Amino acid sequence: MDQLIKTMDSIFNGKLKLLSRFSATGVINTIIDFAVFTLCQSVFGLHYTISQVVGYSFGVANSFIFNKKWTFEYKSSGKKVVREVSQFAIVNLISLITTLVCMKFLVSDFNLNVYLSKIIVTLIAQVINFLLYKIWVFN
């Protein structure tokens with residue numbers, strides 16, 4: 001048990017701190033996103049593009065809080081918060097548009113299952129988000 005605790009501490013506080021924390025936050029965001037997406041798509045019968053926007057939005061709200069406070073441990077003054085939220089929103093708008101375009105392409109042109117398409121576009125969004133959060137939002 002001690003070895004497990006040491007390993008977890010090394011992962012989340014050692015050399016892989018940033019990437020492991022971003023990944024853990026991403027898993028939570030993805031669970032929220034997929035749960036809301038599925039609820040909208042399967043239970044309420046909304047079109048997958050509407051479901052994508054709603055699910056993604058819920059994941060983004062969680063993402064901002066966890067990435068700011070835990071992943072990047074970013075502390076900002078009151079004036080910087082407006083800039084930070086604006087940049088975060090722009091990054092996520094870029095990711096959302098990218099996922100919508102890619103999802104439409106995968107579902108319509110490749111006839112992929114909507115959930116498989118959702119997984120693929122989620123991975124694409126993760127790469128975009130990590131790079132832009134690190135370089136532009138929380139630096």
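What follows is a chat between a trainee and a mentor about a predicted model of a protein.

Trainee: Let's start with the overall picture. What makes up the fold, helices or strands?

Mentor: Helices: the protein has 5 of them and 0 strands. Read from the N terminus, the elements go α-α-α-α-α. The C-alpha trace spans about 45 × 45 × 25 Å along its principal axes.

Trainee: And how much of the protein is buried?

Mentor: Of the 139 residues, 34% are buried. The accessible surface is about 8,200 Å², and carbon and sulfur atoms account for 73% of that.

Trainee: Why is G59 called buried?

Mentor: Buried means under 20% relative accessible area. G59 comes in at 6%, so the label buried fits. This glycine sits in helix α3, and leaving aside residues up to four places away in sequence, G59 touches N29 and I32.

Trainee: What makes those two count as touching G59?

Mentor: A contact calls for heavy atoms within 4.5 Å, and N29 and I32 are the residues listed as touching G59. There's also a C-alpha distance for G59: T25, 34 residues away along the chain, is 9.8 Å from G59.

Trainee: Now K75. Why is K75 called exposed?

Mentor: Exposed needs over 50% relative accessible area. K75 has 73%, so K75 is exposed. You'll find K75 in the loop between α3 and α4. Its C-alpha lies 8.9 Å from that of F138, with the two positions 63 residues apart in sequence numbering.

Trainee: Why does D9 get "partly exposed"?

Mentor: The middle class runs between the 20% and 50% cut-offs. D9 is at 45%, so D9 is partly exposed. D9 belongs to helix α1, residues 2-13. The C-alpha atoms of D9 and T99 are 33 Å apart, and the two are 90 residues apart along the chain.

Trainee: What about N111, which class is it in by relative accessibility?

Mentor: N111 has 64%, and the bar for exposed is over 50%, so N111 counts as exposed. N111 lies in the loop between α4 (78-109) and α5. N111 also has a positive phi, about 50 degrees, although it isn't a glycine.

Trainee: How do you know how many disulfides there are?

Mentor: A disulfide takes a pair of cysteine sulfur atoms within 2.5 Å, and the structure holds 0 of them. As for cysteines, C40 has a relative accessible area of 7%, which is under 20%, so C40 is buried. C102, at 24%, falls between the cut-offs and is therefore partly exposed.

Trainee: Let's turn to helix packing. What describes the way α3 and α5 pack?

Mentor: Packed helices are described by the angle between their axes and the distance between the axes. Helix α3 (residues 48-71) and helix α5 (residues 114-137) pack at about 35 degrees, with axes 12 Å apart.

Trainee: Which hand does the crossing of α3 and α5 have?

Mentor: Right-handed, as α3 passes α5. The label right-handed goes with a near helix turned clockwise from the far one by less than a right angle.

Trainee: Which residues meet there?

Mentor: From α3 you have Y48, Q52, Y56, S63 and N67, and from α5 there are V114, K118, V121, A125, N129 and Y133. By class, the contact has 6 nonpolar, 4 polar and 1 charged.

Trainee: Last one: what share of the contacts at least 6 apart in sequence join residues at least 24 apart?

Mentor: That share is 68%.

Note on methods
Residues are numbered from 1 along each chain as its sequence is written. This is a predicted model: local features need pLDDT of at least 70, side-chain atom pairs count only at pLDDT 80 or more; totals for chains, interfaces and linings use all residues. Side-chain values use heavy atoms; hydrogens and water are left out. Axes are lines fitted to C-alpha atoms, for helices over the stretch in contact, and angles run from 0 to 180 degrees between N-to-C directions. Helices (H or I, at least four residues) and strands (E, at least two) are DSSP runs, numbered from the N terminus. Ala, Val, Leu, Ile, Met, Phe, Trp, Tyr, Cys and Pro count as nonpolar, Asp, Glu, Lys and Arg as charged, and the others, Gly among them, as polar. Buried means under 20% relative accessible area, exposed over 50%, partly exposed in between (1.4 Å probe, protein chains only). Accessible areas come from the Shrake-Rupley method with a 1.4 Å probe; for residues, only the protein chains shown count as cover.
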